[in-house]
Amino acid sequence: MINLDRRELFASLGGLAAVALMSHDARADALEHYMEDKLHAQADGDDEGGGSAGEFPSAAQVKDQITTRHYRRGAGGLFISTDPAGKMKMLPDMPAKPTLVDFFETRFGQFSNHCLQSANKARERGQPDEIVLACLLHDTVQSLMRVDHGYYGAQMYEPYVPEITSWAIRYHQPLRFFADEAAGYTYPDLYRRMYGYDYVPAPHVQAAHEMTKKHKWYYAAREVTVSDLYAFDPNAKVSLDSFRDLIAKHFKQPAEGLGYDNSPSAHMWRSLMFPDSPL
Ligand SMILES: [Fe+2]
Ligand SMILES: [Fe+2]
């Protein structure tokens with residue numbers, strides 16, 4: 001059951017004065033988002049063992065939480081119920097020839113809004129289309145698989161996007177663990193809560209960081225992490241409409257529909273399409 005913390009809710013909306021200026025609809029919307037976020041945080045385990053703001057669990061405490069859950073944290077969002085009653089929701093059927101937009105609208109769930117905000121920030125920061133596209137897609141695969149999502153995401157998008165775009169999607173994942181103050185990226189408190197304040201990234205993650213630092217496209221993956229930092233505003237609403245042109249220009253939509261084009265990642269799109277298939 002989710003508890004409503006009025007003080008926390010008001011603070012997240014900019015304080016009482018800001019709430020007083022909101023329309024009734026905007027308030028109802030904000031409340032809905034707040035409750036949704038709480039549900040997702042619970043599904044992520046982010047509410048557990050973290051204590052109050054400024055207090056973080058140790059990596060050992062995070063590990064101890066594993067046996068308190070009925071799911072694995074690495075499982076894709078589509079496969080975990082965020083319903084307080086623990087039941088799954090019916091998903092809309094997909095069209096015969098699904099497009100990227102169809103997946104945004106019916107399968108990417110809570111990751112859709114986060115990615116739209118991230119892409120919007122990248123655009124406001126004057127980033128080129130290929131990097132805005134990377135931001136737009138960077139976490140969407142978390143509907144399918146959360147663990148190693150940068151690598152899964154890059155693999156899923158590789159047949160359809162410019163090479164630099166999938167490269168940035170892949171390496172934003174390891175780069176999230178390493179601050180780059182000059183680029184505007186500070187290590188996020190979210191990670192202290194999710195992994196533990198004393199967590200040390202695995203050797204292969206450190207090696208990926210070292211490799212990317214020397215790579216000519218480092219700035220692209222780094223930008224995904226920088227735009228990511230600002231992309232958790234529960235009040236921000238960014239429409240997919242403002243990215244339709246970008247998608248049309250840079251995303252190679254297969255004529256057969258995603259999932260039916262025999263690409264190396266077609267099965268990943270089908271898995272998102274039919275997550276209730278038993279095998
Ligand atoms: Fe990510
Ligand atoms: Fe993200």
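**Reading an all-helix model**

Guide: Welcome! The secondary structure of the protein chain comes to 14 helices and 0 strands. Please keep in mind that this is a predicted model.

Visitor: Thanks! In what order do the elements run from the N terminus on?

Guide: An element string is read from the N terminus onward, and here the protein chain gives α-α-α-α-α-α-α-α-α-α-α-α-α-α.

Visitor: What share of the contacts with a separation of 6 or more is between residues 24 or more positions apart?

Guide: In the protein chain, such pairs account for 70% of those contacts. As for burial, 33% of the 279 residues count as buried.

Visitor: How should I think about the buried residues, and which of them touch the most other members of the largest nonpolar core?

Guide: The general idea first: in soluble globular proteins, nonpolar side chains tend to be buried together. In this structure the largest nonpolar core has 42 residues, and Ala119, Ala134, Cys135, Leu136 and Ala168 touch the most other members. Two or more residues come from each of α5 (100-106), α6, α7 (129-137), α8 (149-157), α9 (163-175), α12 and α14 (266-273). The largest share of this core, 7 residues, is given by α7.

Visitor: Which residues does Ala119 touch, leaving out those up to four places away in sequence?

Guide: The partners of Ala119 are Val132, Cys135, Leu136 and Phe243.

Visitor: Now to helix pairs. At roughly what angle do the axes of α6 and α12 cross?

Guide: For a pair like this, look at the distance between the axes, then the angle, then the handedness. Helix α6 covers residues 110-124 and helix α12 residues 218-229; their axes come within 8 Å and cross at roughly 110°. Angles of 65 to 115 degrees count as roughly perpendicular, so α6 and α12 are roughly perpendicular to each other. The crossing in which α6 passes α12 is right-handed.

Visitor: And which residues of α6 and α12 meet?

Guide: On the α6 side they are Ser118, Lys121 and Ala122, and on the α12 side Glu223, Ser227 and Asp228. By type, the residues of this contact divide into 1 nonpolar, 2 polar and 3 charged.

Visitor: One last residue: is Tyr219 buried, exposed or partly exposed?

Guide: Tyr219 has its place in helix α12. To judge burial, count the other C-beta atoms within 10 Å: 20 or more means buried, 12 or fewer exposed. Tyr219 has 15, so Tyr219 is partly exposed. In sequence, Tyr219 and Ala183 are 36 residues apart, while in space they are 8.5 Å apart, C-alpha to C-alpha.

Key: Residues numbered from 1 in each chain as written. Chains lettered and ligands numbered in written order. Predicted model: local features only at pLDDT ≥ 70, side-chain atom pairs only at ≥ 80, totals over all residues. Axes fitted to C-alpha atoms, helices over the stretch in contact; angles between N-to-C directions. Helix = DSSP H or I, 4+ residues; strand = E, 2+ residues; numbered from the N terminus. Parallel < 35°, antiparallel > 145°, perpendicular 65-115°, else oblique. Left-handed = near helix turned anticlockwise from the far one by under 90°. Contact = placed C-beta atoms within 7 Å. Nonpolar A, V, L, I, M, F, W, Y, C, P; charged D, E, K, R; others polar. Core = buried A, V, L, I, M, F, W, Y, C linked by C-beta atoms within 7 Å.
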